Amino acid sequence: MILTVTLNPSMDSIYFTDTFSIGAMNRCNNPVKAVGGKGINASRTAAILGSRVQAIGVLAGENGKLIQTHLETEHFDSFFLTIPGESRNAVTIMDQAKNQTEIVELGPEITDTTAKEILQKIITLTTSEKEVTTIAVCGSANTKNEQLYKNYLEEIQASLGNSIKVLTDLSGIQLKNVLTGPVKPYFIKPNIQEFSELIGQPLKQKKDVIPYLSHELLDNVPFVLISCGSLGALARVNNQLFDITIPQIEVVNPTGSGDATVGGIAYGLDQHFSIEETLRYAMACGMSNALEKKVGFVTMTNVLALKNQINIVKI
Ligand code: ADP
């Protein structure tokens, strides 16, 4: 069983437009509305693949109620704490040239009290559900506490030991603090831009990343995946490096591909697949998501077909 944590869920609107002009009226006939947030997207992906998934997080205000209604139709279980404020809206505009413009609200504040309540829920659920193999902590949080996720890793290890794999899909200062803290996550998945920001190097191409796979910030993280969009990814698993290339596809909407990738990793680990098979599922999930209008959504048919077209080379 997989447990996911989303401290900033969103009500997503995706607008597909012919053109998008700043300062002009832009019409959209076919908006896609869905519930998002990295952990929720990863939950949906892993649940579609067949894992039992429990999503944990927070919701606020009228948007929170709307999100809750949507969550009740998903194929995973949810526990979302109601907190003050308003859950965020996230708007993505995709024009025909595949330019992607995003407007994302900040979301309700996560106070230390809320963070502790969620942490307690993670620990209680994992202790009572003997089948939890993997905890995926995903996405931003509107918090003044830059150590929030670092503290989570320490508390989870103190309460649950090392038997459960903790995956983090974070960026910015929270990722840096997690990596410089005493308890490392089992897995991280920065994309190339996030990794670039993390190590303070302007990385553009996949090949630019290779020398930095031994960067000290990655020390003692067993499984590092640097995703590189249409170029696939690079991975370092227990000091073995992998170059992963993927076939070209007709992209519809790549938003949430990274979240689907994390869902695929969580699924592979939960199923105790080999590292190569887990990487194949992860890449296929990212691609399957990019083939859909919906965000954080994959189809089993596409995942199974794409999985066999992933090329993994040890480097
Ligand atoms: P994020 O969504 O976190 O920015 P990426 O853009 O690197 O992450 O995408 C994650 C994975 O999704 C990639 O490694 C790849 O498997 C798949 N993917 C993303 N964009 C594309 C694309 N344009 N074409 C094919 N696959 C893609």
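Residues are sorted here by type: Ala, Val, Leu, Ile, Met, Phe, Trp, Tyr, Cys and Pro count as nonpolar, Asp, Glu, Lys and Arg as charged, and the others, Gly among them, as polar. The model is predicted, so that local features need pLDDT of at least 70 and side-chain atom pairs count only at pLDDT 80 or more, while totals for chains, interfaces and linings use all residues. Residues are numbered from 1 along each chain as its sequence is written, and side-chain values use heavy atoms, with hydrogens and water left out.

**Exercise 1.** Describe the shell of residues around the ligand and its composition.

Step 1. A residue is near the ligand if one of its heavy atoms lies within 4 Å of it; of the 16 residues around the ligand, Asn-191, Ser-227, Gly-229, Gly-232 and Gly-258 come nearest.

Step 2. By type, the shell residues divide into six nonpolar, nine polar and one charged.

**Exercise 2.** Find polar contacts of the ligand, taking a pair of N or O atoms within 3.5 Å as the criterion.

Step 1. An N or O atom in the side chain of Ser-227 is 2.7 Å from an oxygen atom of the ligand.

Step 2. Backbone N or O atoms also take part, that of Gly-229 lying 2.8 Å from a ligand oxygen atom and that of Met-283 lying 3.4 Å from a ligand oxygen atom.

Step 3. The elements that give two or more residues to the shell are helix H8 (257-270) and helix H9 (275-290), where helices are DSSP runs (H or I, at least four residues) numbered from the N terminus.

**Exercise 3.** Classify how H3 packs with H4, and H9 with H10, using axes fitted to C-alpha atoms over the stretch in contact and angles from 0 to 180 degrees between N-to-C directions.

Step 1. The axes of H3 (residues 112-128) and H4 (residues 148-160) come within 11 Å and cross at roughly 30°. H3 is therefore roughly parallel to H4, since angles under 35 degrees count as roughly parallel, over 145 as roughly antiparallel, 65 to 115 as roughly perpendicular and the rest as oblique.

Step 2. H9 and H10 (residues 300-307) pack at about 125° with their axes 8 Å apart, and are therefore oblique to each other.

Note on methods: A polar contact is a pair of N or O atoms within 3.5 Å; within protein, one must be able to donate a hydrogen and the other to accept it, and residues adjacent in sequence count only if both atoms are side-chain atoms.
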